[in-house]
Amino acid sequence: MDEQTARREIVRVGHVMYERSYVVSSDGNISVRLDDGRIVATPTMTCKGRMTEDSLAVTDADGNALTDRRPSSELAMHLLIYRERNDVKAVCHAHPPHGTAFAVAGLAIDQPILSEVILTLGCVPLAAYGCPSTDELTEAMRPLVKHHNALLMANHGAVAYGSDLWQAFDRLETLEHTARIAILSRILGGSRNLPADAIEKLINVREAAGYLGEGARCQACGYLHETQIACPSGDRPQPTSYHSESSANGAGKIALTREELVELLAQAVGRSEQ
Ligand SMILES: [Zn+2]
């Protein structure tokens with residue numbers, strides 16, 4: 001993509017993100033990787049609903065500004081994704097309320113509740129908390145970027161990416177819509193998960209149709225682990241959510257590491273002694 005088209009598209013997507021309340025104030029950031037490897041990015045401390053094409057920053061592949069406009073301090077997150085994924089040409093980061101509610105509750109969006117989400121997005125894992133704009137955040141994201149097209153960042157927000165800017169935005173929108181449906185279904189008594197054989201069929205369909213490749217088999221969500229579909233690279237990351245969502249019959253399944261369990265018990269004992 002050329003620079004002028006990228007500037008125009010970033011401003012359009014930014015306005016849509018702001019109108020949908022995916023961001024408020026100067027939250028969030030958007031970038032596009034140009035054909036020549038330079039990056040056009042939203043500037044620091046600017047409202048995405050009011051930004052203009054001439055306000056955008058342009059950097060080299062390492063994030064060094066090539067004009068007098070400074071890019072967002074969160075550009076490091078975008079650079080990580082571009083480095084890990086050659087196929088990615090655009091990144092959208094925002095704080096959409098329902099998706100971010102999952103990130104704040106320590107939950108991944110990883111339950112197989114919607115057939116089209118399995119087809120087009122896959123699961124959205126939760127990266128552990130890392131201070132924004134630091135290596136802490138990018139290191140927490142790194143193992144997940146290769147096999148997922150959208151991530152939640154604990155106590156922060158969401159990021160989605162794709163081969164063009166509208167695909168990145170569409171994935172962010174699907175993430176937010178799925179989170180919203182998951183929350184609403186809980187109010188109605190809980191969601192019913194698709195069974196493993198239905199998930200396997202959907203994974204075969206999405207690969208045959210070219211929606212997602214075999215790399216997405218290696219996602220960190222539990223529902224792919226339960227199918228007979230093998231992960232080709234063998235480096236499937238472990239789910240990182242602190243607790244998973246309730247299953248169809250309402251029996252909550254909780255996944256804790258040994259350390260987390262010990263800490264919880266210690267906290268419970270401490271509370272009862274006070
Ligand atoms: Zn942010």
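Helix 6 (residues 165–187) lies across strand 1 (29–33), strand 4 (90–94), strand 6 and strand 7, and its direction makes an angle of about 140° with strand 7. Axes here are lines fitted to C-alpha atoms, for helices over the stretch in contact (heavy atoms within 4.5 Å), and angles run from 0 to 180 degrees between N-to-C directions. Helix 3 (residues 97–105) lies across strand 5, strand 6 and strand 7, at about 55° to strand 6.

A word on the source: this is a predicted model, in which local features need pLDDT of at least 70 and side-chain atom pairs count only at pLDDT 80 or more, while totals for chains, interfaces and linings use all residues. Residues are numbered from 1 along each chain as its sequence is written, and side-chain values use heavy atoms, with hydrogens and water left out.

Now to the strands themselves. They form an open sheet of 7 strands in the order 3-2-1-4-7-6-5, with mixed pairing; two strands pair if DSSP finds at least two bridges between them. Strand 3 (57–59) and strand 5 (126–127) stand at the edges with a single partner strand each, so one side of each has no neighbour in the sheet. Strand 6 (residues 150–153) and strand 7 (residues 157–162) are paired antiparallel over 4 bridges, and Leu152 stands opposite Ala158 of strand 7.

Stepping back, the protein chain has 9 helices and 7 strands, taken as DSSP runs numbered from the N terminus (helices H or I, at least four residues; strands E, at least two). Of its 274 residues, 45% are buried, meaning under 20% relative accessible area with a 1.4 Å probe, protein chains only.

Definitions and conventions: Buried < 20%, exposed > 50% of the residue type's maximum accessible area, 1.4 Å probe, protein only.
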